[in-house]
Amino acid sequence: MERTKINNLQENQSAKIEGFVERVRDTRYMVFVILKDISGKLQISIDKEKDAALVDSAVKLVPGSVISVCGKLSLTPAVKQGGKEFLPTSLDVLSLAEPSPIDGETNIENRMNFRWIDLRTDKNQLMCKVESEFTSAFKDFLVKNDFIEIHTPKLIGAESESGAGVFEVKYYDTKAFLTQSPQFYKQMAMAAGLERVFEFGPVFRAEKFSTNRHASEYTSLDLEMSYISSYEDVMNFEEDLIIYILTQIKAKYGEEIKNVFGADIVIPTKPFPRMELADLYKIFESKYNYKVAEEEKTDLTTEGERLACRYAKEHFGHEFIFVVGFPGDKRPFYHMRDDAGRLMGYDLLWKGIEITSGAQREHRYEQLKAVAESKGLKKDVEFYLEFFKYGCPPHGGFAIGMERFLMLLLNIDTIKEVQFLFRGPNRLAP
């Protein structure tokens, strides 16, 4: 008999179900086993008198054991598990578990040590389902808008962007580096005439961090698009993308997310608020009495990000805010600058945290070469500059860190909880 998932069971039809034992309750006349698979949970009710042959196996079960049970679904209103119970005719133990080394009171570091057990919880499995829907919606929207999926190398031969924060690895008889971003290769795709591309993939950052929103390896959702008129085109496209993603997730999992995580998914309206960096710092001082030194006003501080979102909520009634007007010299060399040297790009903030840095890129070879040389990047980016020698259309793009987005969506405090397996300065296992 083929396996049937719990949520596909039909009343009084013979079926086989398989999954993890969540708990066992041994009473005077009955043994109750709560079985869980990825689709749901079900009570297996074993009558000690009628099903005596199954009792010995059932009472020895430890939570986490994997079993296979044949029988029929019965609708019984008195049963707490949604008025449903499974009446077994056979029970086979596929894997007998030892007692779990973690429980609901275990601290996060020990839960990370046994992450595969930690991921069995309803909360974590819902999180994984939401992640899957997020990436599916991202890809669906881009494909509908004529984007092509690409897969760029994660091993590179030169230290991109001066080598800050890259991991060096042995590569045959030389050395290579794990890429910080597919940025250069996305732009190569623009020079190749692919016009619109996207990628899901891991990126690596070798910084020593101590925040709850950074990781040494995370999943980046990148896109690049040609024939834009300005970075406003990129911002407008990101608005549509985020609205689509959140709408899809809310339609499929909105109620579960609210019940399990206590998070309401708010579908944003267009346009998202747009504010100049300098204007925001004036507002911070006048409205929130938050002041920083002049040299810090070239970017948003962590508190500045939080206050910008607070202002967006209070003044615009919006969870998102675009911040523009950054000095160009503080951003990567490949971003385009206007005649005044200002970045032709933006940061997008949500719930007090930056989730995207996007921009129009510099596609003109001579200008790009000059900026790279001014930042001391001549040799390291020679291969990259070659992409622009033979013609390249105007283009721009952005990237979204998947785990950070989900952390904010689900109101989770740390990126460790969101990643399938976290990688940080002090964690390289399991």
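Are Phe184 and Phe333 buried or exposed? In this predicted model, Phe184 is buried, as is Phe333. Before returning to these two residues, the description starts with the barrel.

Five strands close into this barrel, in the order β1-β2-β3-β5-β4, with mixed pairing. From one strand to the next, the twist averages 55°. Strands β1 (residues 14-26) and β2 (residues 30-37) run antiparallel and are joined by six bridges. Arg25 has Phe32 in β2 as its bridge partner. Helix α1 (residues 52-59) lies across β1, β2, β3 (40-47) and β5 (84-95), and runs at about 60° to β5.

The aromatic side chains come next. Across the whole structure, a search finds 28 aromatic pairs. In one of them, Phe141 and Tyr244 have ring centres 5.2 Å apart and planes at 40°; the pair is therefore tilted, since stacked requires under 30 degrees and edge-to-face over 60. Phe141 belongs to helix α4 (residues 122-144) and Tyr244 to helix α6 (residues 231-261), so the pair links distant parts of the chain, 103 residues apart. Phe141 and Tyr244 are both buried.

For Phe184 and Phe333, the ring centres are 6.2 Å apart and the planes stand at 70°, so this pair is edge-to-face. Because Phe184 lies in helix α5 (residues 183-191) and Phe333 in the loop between β13 (320-324) and β14 (345-350), the pair ties together parts 149 residues apart in sequence. Both residues belong to one aromatic cluster, formed by Phe184, Tyr185, Phe333, Tyr334, Phe383, Tyr384, Phe387 and Phe388.

A ring can also face a charge: the charged end of Arg331 sits over the ring of Phe326, 4.1 Å from its centre.

How values were computed:
Residues numbered from 1 in each chain as written. Predicted model: local features only at pLDDT ≥ 70, side-chain atom pairs only at ≥ 80, totals over all residues. Heavy atoms only, no water. Pairing = 2+ DSSP bridges. Helix = DSSP H or I, 4+ residues; strand = E, 2+ residues; numbered from the N terminus. Axes fitted to C-alpha atoms, helices over the stretch in contact; angles between N-to-C directions. Contact = heavy atoms within 4.5 Å. Phe/Tyr/Trp six-rings, centres within 6.5 Å; stacked < 30°, edge-to-face > 60°. Buried < 20%, exposed > 50% of the residue type's maximum accessible area, 1.4 Å probe, protein only. Lys NZ or Arg CZ within 6 Å of the ring centre and 35° of its normal.
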